[in-house]
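Me: I'd like to go through some of the labels on this model and ask what earns each one. Ready to take a few questions?

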Amino acid sequence: MDRNEVKVAVATHKPYHFPGDEAYLPVHAGAAQSAPLEYQSDAEGENISQRNPNYCELTVLYWAWKNLPSDALGLAHYRRYLAHDGKPLTAARMAKLLEQTPVLLPKKRHYWIETNESQYVHAHGAESLNALKEVISDCAPEYLDAFQQSLGRRSGHRFNMFIMRREVADAYCQWLFGLLFELQRRIGGTPVEIPRLYGFLSERMLDCWLDVGGYAWQELPVYATEKTNWIRKGFAFLKRKFFSGTRKS
């Protein structure tokens, strides 16, 4: 694969420093509803930029899927990138890896004492997840068992980060957005539509799609430009798990 044909859209909502490699294209997420930045806008061409409050980085993925021609397509965040030898992947490295494996993913996040489902429910409530199960059951029933199995595990691929050969990325985006748009149509503006809802749900959808499709994938470390405050994250986890009370949305 030609290194010049690998493109990774980097979702950002503010000015930042980005890798200088030619594979990375900073894209302004939610540009339709915010002041312009000097980067590529996700509000040009065919887009869902106005849905950014609920879809977050997925508006960048949608824009890239519909408007960015390439032989391989990826999504990263302004603070996180797939890495090799402690640095963000280069275009040449991406191309080499994609010749071996069609899907590149971040290393799984492990919850240890929770399942993927209980972690989601503690963080975001059960109603939205149950609504997604119904949509999958109605619109893509061949994925329902795999989705349930994925929710029962204690680890999963997070961040909505990946790099895929283009035909694989196209198939994934067609499936993902078809289900999310149907879910949004059903729940509309009800209280279940919490901020960043579809971004959170999509993180739980990737693994079941890979399982059913039988796609080979390779995990890579994540390079973070900013340190994670594990004390704060740990406190937030305990607060959600033990002190949040009963939530319905």
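**Labels and their cut-offs**

Reply: Sure, starting with a glycine: Gly214, with a positive phi near 70 degrees, comes right after H9. Before going on, this is a predicted model, where local features need pLDDT of at least 70, side-chain atom pairs count only at pLDDT 80 or more, and totals for chains, interfaces and linings use all residues. Numbering runs from 1 along each chain as its sequence is written, and side-chain values use heavy atoms, with hydrogens and water left out.

Me: What makes H9 a helix, and which of its residues are buried?

Reply: Helices are DSSP runs of H or I with at least four residues, strands are E runs of at least two, and both are numbered from the N terminus. H9 covers residues 206–213, and its buried residues are Leu206, Asp207, Cys208, Trp209 and Leu210.

Me: Why is Cys56 called buried?

Reply: Buried means under 20% relative accessible area, exposed over 50%, and partly exposed in between (1.4 Å probe, protein chains only). Cys56 has 11% relative accessibility, so it counts as buried. Cys56 also has a positive phi of about 40 degrees without being a glycine, and it lies in the loop between helix H1 (52–55) and helix H2 (58–67).

Me: And why does Phe159 count as buried?

Reply: Because its relative accessibility is 16%. Phe159 is another non-glycine with a positive phi, here about 80 degrees, in the loop between strand E9 (155–156) and strand E10 (162–165).

Me: Why is Glu5 partly exposed?

Reply: Its relative accessibility is 31%, so Glu5 falls in the partly exposed class. Glu5 sits in the segment before strand E1 (6–12).

Me: How do you know that E5 and E12 pair?

Reply: Two strands pair if DSSP finds at least two bridges between them. Strand E5 (residues 80–84) and strand E12 (residues 222–224) have three bridges, in the antiparallel sense, so they pass that test. Within E12, Ala224 is the bridge partner of Arg80.

Me: What about E5 and E6, how many bridges join them?

Reply: Two bridges, with E5 and strand E6 (residues 87–88) running antiparallel, so the requirement of at least two is met. His84 is opposite Lys87 in E6. E5 and E6 make a hairpin with two residues between them, and Asp85 in the turn has a positive phi of about 55 degrees.
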